[in-house]
Amino acid sequence: MSRCSLGLDIGSNSIGWALLDTENQQMVDAGVRVFQEGVDRDTKGSEVSKNETRRTARGARRSRQRRNYRKDKLLRMLIRHGLLPEDTDSLQKVFDADPYLLRAKGLNAQLTPYEFGRVLYHLNQRRGFLSNRKTGDMKETSVVKKDAATIQKNMEQADCQTLGEYLSLINPHEQRIRGHYTFRAMYKDEFEQLWNKQCSYDGQLLTDELKHQIKDETIFFQRPLKWDKDTIGDCELEPEQKRCPRASFFARRFRILQTVNNLIIRNPNGTEQPLDAGQRHTVLEALLTRKEVTFTAIRKKLNLMETQTFNLEEGAAEKKSPKLKGDEFNAQLSANKILGKKTFQTLDEADLVEINELIINDDFSDEEVISKLMEQHDFTQEQAIEAANISLPSKYANLSELAIQKLLPYLEKGLITSDAIKAVYGDYQPGKQDDAKLDRLPLPEDLRNPIVNKALFETRKVVNALLREYGKPESIYVEMARDVKGSKRERDELRPKQWKLEQVNNEAREALLEMGIDRPSRNDIIKYKLWDECGRICPYTGKSIGQHQLFGPQPEFQIEHILPYSRTLDDSYMNKTLCCVYENIDKSNKTPYEYYEDKPEQWETILHLIAKLPYPKRRRFWQKEVKLDSFIERQINDTRYITKEVVKYLKMLGVNVWGTKGQITSELRHQWGLNDILGFTGAGLKNRDDHRHHAVDAAVTAVTRNEHLHQLAVSKYHKGDLKFDPPWPGFREQLEEKVNQINVSHRVTRKVSGQLHEETAYGPTGLKDDKGQDVFVYRKPLEALTLKMISKIVDPTVRNIVKERLAEFGVNPDKKGKIHKDVWSAPLYMKTKNGKSGPEIKKVRLHTVSNNMILINSPDGTPYRAVEPGSNHHVEIFEYTNSKGEKKCEGRVISMFEAVQRSRKGKPVICRDYAEDKKFICSLSKNELFMLEVEPGEFVLHRIQKFDQKGSVILRPHTYAGQVSDTDNPPLIQRKSPNTLQGYKVTVDPIGRIFPAND
């Protein structure tokens, strides 16, 4: 099959493939592989790491365990040295004392050993925030700094020596003492003052060795930050070197030089000019000394007109005040609170590099950095403290420091990065592997992109299965979905853009309905948006565009391609505007520049009229040269980073591989009449509810050639009836036949790991309700209460207090509705016998009933906690004979918790050994496939969607990709009990071949 072409349509959770023998004009095979995306999604659709929730909870548990261990260690140490009593009652009496008053008293008077032990134990409980010295714009640190600075200011105003002394002055009934951010340094300073004062009274007990044990080994002991430096990627140009931190002096200068060298001035008439040497020096100096510089400020420095813009300004993220990022390190270091501009200017580059590396070195603590700055660079203590807290960029650049230093001299001369790389490394890039010729794809490298990594692993399975079945193809054509190609930042930006575009379209649709246009078409919506965009004035003639002139039965204005479609294949919104019908006819197949270059007065008017249009449209008006072949070349080749990595990976097979953009795949699919292969509905629109549409796209990708794009350019907007020839005669019929034979392969969810149970912990009561169900209790914050929960509050006194608060806000817990958050804005307190406020109520205990809880026992076997089972792992179906002699089937659902318990005990995860009177039939897990008998003798492949606690199974057709609900009926969804589930379980390999399941 060496003459075959393989098309791959790679998405975030699917791979469509099609194998075609282009020489003999035959469709060989096609298929679809569906799998879970490499990330989870939150309720808003944003990406969430699959293990982030569990990792966060695990980190919190470890922090709590370490804190408890530290408290227990200190307690035993203080008891051992006579600073706390050993018996419980005496210890409780010591702990009943107000620690804040003792902390204030200890600064000026002698404390008893037990009182000082109480103070030390309290310092261990509240030891303040310590930065881990990771670089980055740390929001948490900024909040801590702001709150801690306020506390420090209040301490100075109150003339307090320590934090404890200040807190002792606060009345807890008027103001909450806890809940403030404080620095670790505050507690260390207080410890030193208290220890020195108490040591002056009893130096024999408070020895230096004990101080070291208490202070350095216990209270202020900090585990070193652990991270694997192997996770840092390799340099693209020097593969033996690790990538350079973005906070590095050289990485920041490299980025700034890249920015300046890429900066281009755009004039109102469409001409462009690079910065000259003087302009370049001015911009570079501004960026190297400031954190950021607005484009408005750059225009003033370069004495440019307001109408002159920059290329980087058009695509800036901040539209209101676009700016360029400068050097935050230099800007912060030269600030008055650290060195000041005069002192900063005396430092040479070597000094700046050394200070920079010292500040970003995570191996040094804050104290070590401060000390080194004072000793090695003559910083005052105040300057060193501020410098140690300088915030710098996080993460890593694509290049190593070695590569950056090699390229910097060329960037200093004004070369752009690609030219600098060519000057240093030539056409050969170090570390670039020669194209291998393997028989099978190996495991892919980690691209540090979970979505792409997941897709590549599944691509490997599909391609290797095809190689085993059909041999190597001659060529592979890869089209990647938009949500796969970009980085996480780009994907995160794409979702809000899509949401905003949807909102704009909805607003346009509503406006059209108000104008009396019923059921606005897509073309009507585009017209309205273009009408609004150009200010209802024709960009070519300056004529005003009225509603009737645009939407009437004989419109005088129409949608127009700025650059002719026949010469660019550009049918995007950014290549469209409105134009007078007659002007458009005269313009014909010319670009605006070509048509109006001999009409200077009208051209000047047009340049003025298009000033309000987005830059991508203005750029098309200015464009002088248009070559169809160059546009086709861009459509055929996708040069984005991820696509290049995938292409490089597939080239290891030693075959020709191309990454295609695929923007015109839908157009070719329409022209070749492929949009109704799967019974697509609605004017030939693609049916995305059928997984097999990915195989159709893959087939189009595999056969698309330059001649097809040339043909498309001529035929799409031709007024006549031009025939658009298919790749070969009978292509559509062959593809339809293969697509209808596809068995969609689904990756099965069968792993024995993950969340074992729900997060809420319940307390067993040992009671049962009137239905015999077990009663449990659990805690809920006031803010999380619903009206239905009010009657379930265990404590009647608390229940009444809560009801009283609800009544104050006019909320009746016996009716439907929601509890507004303002209800709990003021604290809620218990009431004492004398009517005064008692303890604050933050959470309440509720009761619930369940027969499905997992009990967790203490060492003595007594259940002390219960949790609800999490997800189900599989259902085991077995057959038995009832008392009437009838054969029946029953399903037993196995939770993830039970599956893990079986695995840990060395037992089979799937139990096949039932009692003698029960026969194991099969097990079913999510996404496994089942040949369901829908009619006598008629079997249809279905996917297991889910199953309930009673063992009932919900199935969907293997091809169906749409959403389903509990109200849907066959054929979209099938609900079967173990008794009505007729058929047999099968497995489908990655390329769609069906095999009997060994269940």
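This passage describes two nonpolar cores, two helices and two open sheets of a predicted model.

The largest nonpolar core has 55 residues, of which Leu333, Phe379 and Leu407 touch the most other members. The greatest contribution to this core comes from helix α9, spanning residues 249-262, which gives 7 residues. In soluble globular proteins, nonpolar side chains tend to be buried together. When residues up to four places away in sequence are not counted, Leu333 is in contact with Ile338, Leu339, Gly340, Phe344, Leu347, Leu352, Ile355, Phe379 and Ile390. Apart from the 55-residue core lies another core, of 36 residues. Among the residues of this other core are Leu107, Tyr166, Ile170 and Ile177.

Two of the residues touched by Leu333, namely Leu352 and Ile355, are also buried residues of helix α15. Helix α15 covers residues 349-360 and has 12 residues. From its first C-alpha to its last, α15 reaches 17 Å, close to the 16 Å expected at 1.5 Å a residue. Besides Leu352 and Ile355, the residues Val353, Asn356, Leu358, Ile359 and Ile360 are buried in α15. The partners against which the buried residues of α15 pack are α9, α13 (328-333), α14 (341-345), α16 (366-377) and α17 (381-388).

Helix α23, formed by residues 522-533, likewise has 12 residues, which should span 16 Å at 1.5 Å a residue. The end C-alpha atoms of α23 are 17 Å apart, in agreement with that expectation. Because 9 of its 12 residues are buried, α23 is largely enclosed by the rest of the structure. The buried set consists of Asp524, Ile525, Ile526, Lys527, Tyr528, Lys529, Leu530, Trp531 and Glu533. Gly535, just after α23, takes a positive phi of about 70°.

One open sheet is made of 5 strands in the order β20-β17-β16-β22-β21, and its pairing is antiparallel. At the edges are β20 (843-850) and β21 (854-857), each of which pairs on one side only. From one strand to the next, the twist averages 40°. Within this sheet, β16 (residues 757-768) and β17 (residues 774-781) run antiparallel and are joined by 3 bridges. Val777 in β17 stands opposite Gly763.

A further open sheet contains 6 strands, ordered β29-β28-β27-β26-β30-β31, again with antiparallel pairing. Its edges are occupied by β29 (974-976) and β31 (994-996); each has a single partner strand, so one side of each is left without a neighbour in the sheet. With direction ignored, neighbouring strands of this sheet are turned by 45° against each other on average.

Within the 6-stranded sheet, strand β26 (residues 929-935) is joined by 6 bridges to strand β27 (residues 938-947), the two running antiparallel. In β27, Phe939 is the bridge partner of Glu933, and Arg943 is that of Leu929. The hairpin formed by β26 and β27 has 2 residues between the strands, and Gly937 in its turn has a positive phi of about 80°. On to the next pair, β27 is connected through 5 bridges to strand β28 (residues 953-957), which is also antiparallel to it. Arg943, the partner of Leu929, stands opposite Arg956 in β28. A second hairpin, formed by β27 and β28, has 5 residues between its strands, with Gly951 in the turn at a positive phi of about 90°.

Key:
Residues numbered from 1 in each chain as written. Heavy atoms only, no water. Helix = DSSP H or I, 4+ residues; strand = E, 2+ residues; numbered from the N terminus. Expected span 1.5 Å × (residues − 1). Buried < 20%, exposed > 50% of the residue type's maximum accessible area, 1.4 Å probe, protein only. Pairing = 2+ DSSP bridges. Axes fitted to C-alpha atoms, helices over the stretch in contact; angles between N-to-C directions. Core = buried A, V, L, I, M, F, W, Y, C linked by side-chain atoms within 4.5 Å. Contact = heavy atoms within 4.5 Å.
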